[in-house]
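Me: Hey, I've just been handed this one and I'm new to it. Can you walk me through a few spots?

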Amino acid sequence: MEEAIEEAIKAAREGEVPIGAVVVFNNQIIAKAHNLRETIGDPTAHAEILALREASRLKRHWRLLGTTLYTTLEPCPMCAGAMVMARIDRLVFGAFDPKTGAAGSLMNIVQDPRLNHRLEVTSGIKEAECRELLKEFFKERR
């Protein structure tokens, strides 16, 4: 989670919403990313999506079995759906997102029994630190 937080800090420095993500396989980081929506003008450039893309490129496969994705904020529906489709084994996130969270807050896509894959979820890891990054970012913008 520390690496995901570092990615979130990079995002804030670049004027992006401070969200970072890291993909781990066999106890090694294989991908990390931060939000780049504003920078590249892409609504899908969320930290999680970018980290999944990089992990898939490195593993040379779209199935990311055996991986864990760490992210500083509970994933949105798009990112949660991508994690299910990528067959991520485990999701670990920091702050809850009551407005768009799709891993338990607003909905629970990552554990929906109607889908063909479900993730193990660990939530609230370094929650206060992750939430504070977001709070400070938006405070400075207003």
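Me: Let's start with the cysteines. Is Cys 76 buried or exposed?

Reply: Cys 76 is buried, with a relative accessible area of 14%. Keep in mind that this is a predicted model.

Me: OK. Which cysteine sulfur is closest to the one in Cys 76, and how far away is it?

Reply: The closest one is in Cys 79, at 3.7 Å. That is too far for a bond, because a disulfide needs the two sulfur atoms within 2.5 Å.

Me: And what about Cys 130, where is its nearest cysteine sulfur?

Reply: That is the sulfur of Cys 79 again, 15 Å away, and Cys 130 is in no disulfide. Cys 130 is also buried, with a relative accessible area of 1%.

Me: How many disulfides does the count come to, then?

Reply: The count comes to 0 disulfides.

Me: Switching topic. Where is Glu 48 found?

Reply: Glu 48 is found in helix α3, which covers residues 47-59.

Me: Why does Glu 48 count as buried?

Reply: Because its relative accessibility is 3%, and the cut-off for buried is under 20%.

Me: What is the nearest side chain of opposite charge to Glu 48?

Reply: That would be Arg 37, but it is 9.0 Å away, and Glu 48 has no salt bridge even though it is buried.

Me: So which residues does Glu 48 touch?

Reply: Leaving out residues up to four places away in sequence, Glu 48 touches Ile 19, Ala 21, Leu 69, Thr 71, Leu 73, Pro 75, Cys 79 and Met 83. Take Leu 69: it is 21 residues from Glu 48 in sequence, and their C-alpha atoms are 7.9 Å apart.

Me: Let's move to strand β3. How many of its residues are buried?

Reply: Strand β3 runs over residues 67-73, and 6 of its 7 residues are buried, so it is largely enclosed by the rest of the structure.

Me: Which way do β1 and β3 run, parallel or antiparallel?

Reply: Antiparallel: 5 bridges join β1, residues 20-25, to β3. Within that pairing, Val 23 stands opposite Leu 69.

Me: And β3 with β4, parallel or antiparallel?

Reply: Those two run parallel, and 5 bridges join β3 to β4, which is residues 90-95. There, Leu 73 in β3 stands opposite Ala 95 in β4.

Me: Last one: what unit do β3, helix α4 and β4 make?

Reply: With α4 at residues 77-86, they make a right-handed β-α-β unit.

Methods: Residues numbered from 1 in each chain as written. Predicted model: local features only at pLDDT ≥ 70, side-chain atom pairs only at ≥ 80, totals over all residues. Heavy atoms only, no water. Buried < 20%, exposed > 50% of the residue type's maximum accessible area, 1.4 Å probe, protein only. Helix = DSSP H or I, 4+ residues; strand = E, 2+ residues; numbered from the N terminus. Pairing = 2+ DSSP bridges. Right-handed = clockwise from strand over helix to strand, strands pointing away. Lys, Arg positive; Asp, Glu negative; His and termini not counted. Salt bridge = Lys/Arg side-chain N within 4 Å of Asp/Glu carboxyl O. Contact = heavy atoms within 4.5 Å.
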